[in-house]
Amino acid sequence: MSILAILAIGIHFLLVAGEIDISFTSVLELSAMVAALSSPSNTFYIILISMLAAITVGIINGFFTVKVGIPSFLVTLGTFVGVQGIVFLISNYRSVLLRDNLIPKIFYGRFVGGIATAVFWMIGVIILAGIILGYTRFGRWVYGTGGNERASGLMGIPTKRVKFTLFIISSIMAGIAGLIVVSRSLSARPLMGEAYLMPVIAAPILGGALLTGGRGSVIRTALGCLVLTTIINGVNLLGLEPAYQSIFMGSILVGALSIRSVQQRERKPFKEMIKFVKR
Amino acid sequence: MIRAITLKSGKSFLKKPAAPNVILECRTIVKNFDHIQALKGVSIELRKGEILGIIGDNGAGKSTLIKIIRGAYKPTSGEIYIEGEKKEFNSPRDAIREGIQCVYQESALVEQLSVAENFFIGQEPVKKYANGLVNFVDYKKMRSETKKYLARMGFHLNVREEIRNFSGGERQAVSVMRALYFKPKILLLDEPSTALSEKAKRKLFTLFQKAKKICPMIFVTHALEDAIQICDRLIILKLGEITFESKTRKGLREEELLHYM
């Protein structure tokens, strides 16, 4: 849940601004792999270059989307594949052990009541994201940019700078998630982030964020993560094949989007929507 | 007499005795787009307490001129003076900082945001904490100020409601009052009445007449009738040049102006 939620918050920011980033799984792998490859070394140095690698991808995504004007889906599809290739190359197609004692303690250690630090990272990220989006000017600008980019630009909001910053935030989240993943398994391997692709994009959408931008709540995205984690764990506990996870997740996402689509078309509250379905 | 003055910073400007009451002056504005000359040395003046109408057909250059004044385009050559001081705008934000607000044909509003949020979009009031290190948006002030200001102008709207739930006239009124709230030096009205019903248009024009005492306005339109109705002075643009400039007077008819367009 922690890794899923941290990644989903990064995507949530972009969805609210009307953009998307699908390169986060590769960024997660890159961050984890860079951390493992640069160990053993100074812990601070490992974290720094791991995060710098992640941020670089964010800058590339932001540059090509905002400055060059390529749709973010295509840009991040490109970086998704490209960075995955880089991870294969630098790892030589193998798992690499993390040789550092402090990083696992920082990102996946158990201190308070046996709860992994990753949970505290998740709570911190959710609270911070909630404050930024809900209570700061920048947050209002993110909603404005996603809701009506042209109007927001006319009103003096630096929409391009807002989007550029959000691609970097998304990559920072993926970088943190990468460090948590490598701390959990004490090794990094290519494709280790693949399983997060679907649930991370699904969680904000389940929580009410629109692909067209302008809407979304951090708390609801966190709840979306909770629902998806429950499904994943439920399937495991029931002893069902992992394939059922994908079937359930896919069905829930399509179901949620269908309900939203009807709601939007009708622009009426839930009760009215039920009437519409019965009709 | 015009005198060139060089400042210590190296910047120079031409000092000219400012005409009384002139708030905005555009001097010989030229704008080229590749091989097309959209504006061919247009000069205009906007005076205190007036509504200046800029009329022209599609492609006359009126929108280009407005975009230059509000900082969306940079002129190829020419100068802009506000209250006698030369200004250069690199973005709409620069123009807003200099007191230029604009109301557009499709009201520049964000559908998903509330009336109050739209009212303050881009210029949200903040509460400062920790010696100004942390700034949080002051929603309470946003709502109360919006409600108060709209009510003063005769509009009683639920400021918490999303703007998309209101009529075109109400939305445009919010746009105009938003612009006026920030006490602009100049208000640009870029075809603000095009998409409105006759009733909403009349209400809006009454608002403009009240508001011109607060700040002068430039009213851009291709509707002659509207311009004659509310403007104090008219300028007609044709293919990037001024073909007509005069005060509006009683009995001025559309037919008289049509051949200048």
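Here are some exercises with worked solutions on a predicted model with chains A and B.

**Exercise 1. Get a feel for chain B: how many helices and strands are there, and what percentage of its residues count as buried?**

Step 1. Start with the elements: chain B has eight helices and 14 strands.

Step 2. Now burial. Chain B has 261 residues, and 38% of them count as buried.

Step 3. Finally, look at how far apart in sequence the contacting residues are. Take the contacts in chain B between residues at least 6 apart: 66% of them join residues at least 24 apart.

**Exercise 2. Build up the four-stranded sheet of chain B: in what order do its strands lie?**

Step 1. Begin with E3(B), residues 22–33, and E4(B), residues 36–47. They pair in the antiparallel sense over nine bridges. To find a spot where they face each other, pick B:Asn32, which stands opposite B:Gln37 of E4(B).

Step 2. Follow the chain from one strand to the other. E3(B) and E4(B) make a hairpin with two residues between them, and B:Asp34 in the turn has a positive phi of about 50 degrees.

Step 3. Go to another partner of E3(B). That's E6(B), residues 77–82, paired with E3(B) in the antiparallel sense over five bridges. Two residue pairs help you line these strands up: B:Arg27 has B:Glu79 as its bridge partner, and B:Glu25 stands opposite B:Tyr81.

Step 4. Put it together. The order is E4-E3-E6-E7 in chain B, an open sheet with antiparallel pairing. Its edge strands are E4 and E7 (85–87), each pairing on one side only. On average, neighbouring strands here are turned by 25 degrees against each other, direction ignored.

Step 5. Add the helix. H1(B), residues 62–69, packs on this sheet and touches E3, E4 and E6 of chain B; the direction of H1(B) makes about 120 degrees with that of E3(B).

**Exercise 3. Now try the six-stranded sheet of chain B: which strands are at its edges?**

Step 1. Write down the order: E8-E11-E12-E5-E13-E14 in chain B, an open sheet with mixed pairing.

Step 2. Read off the edges. They are E8 (100–103) and E14 (241–247), and each pairs on one side only. Neighbouring strands are turned by 20 degrees against each other on average, direction ignored.

Step 3. Zoom in on one pair. E8(B) and E11(B), residues 186–190, run parallel and are joined by four bridges. Within that pair, B:Val103 has B:Leu189 as its bridge partner.

Step 4. Look for H1(B) again. This helix lies across E5 (51–56), E8, E11, E12 (217–221) and E13 (233–238) of chain B, and runs at about 150 degrees to E11(B).

**Exercise 4. Find the hairpin of E9(B) and E10(B): which residue takes a positive phi?**

Step 1. Locate the strands. E9(B), residues 126–129, runs antiparallel to E10(B), with four bridges joining them. B:Val126 is matched with B:Val137 as its bridge partner.

Step 2. Check the residues in the hairpin. There are four between the strands, and B:Ala130 takes the positive phi, near 50 degrees.

**Exercise 5. Look where the chains meet: how many residues of chain B are in contact with chain A?**

Step 1. Count both sides: 19 residues of chain B are in contact with 18 residues of chain A.

Step 2. Ask which elements contribute on the chain B side. H2 (92–97) and E10 (134–137) each supply at least two residues.

Step 3. Sort that chain B side by class: 12 nonpolar, three polar and four charged.

**Exercise 6. Turn to chain A: how do helices H3(A) and H9(A) cross?**

Step 1. Two packed helices are described by the angle between their axes and the distance between the axes, so you want both values.

Step 2. Here they are: the axes of H3(A), residues 43–68, and H9(A), residues 159–185, come within 8 Å and cross at roughly 145 degrees. The crossing is right-handed.

Step 3. See who makes the contact. Among the residues are A:Ala54 and A:Gly58 from H3(A), along with A:Phe167 and A:Ser171 from H9(A). By class, the contact has 13 nonpolar, nine polar and two charged residues.

Terms used:
Residues numbered from 1 in each chain as written. Chains lettered and ligands numbered in written order. Predicted model: local features only at pLDDT ≥ 70, side-chain atom pairs only at ≥ 80, totals over all residues. Pairing = 2+ DSSP bridges. Axes fitted to C-alpha atoms, helices over the stretch in contact; angles between N-to-C directions. Contact = placed C-beta atoms within 7 Å. Left-handed = near helix turned anticlockwise from the far one by under 90°. Nonpolar A, V, L, I, M, F, W, Y, C, P; charged D, E, K, R; others polar. Buried ≥ 20, exposed ≤ 12 C-beta atoms within 10 Å, placed from the backbone.
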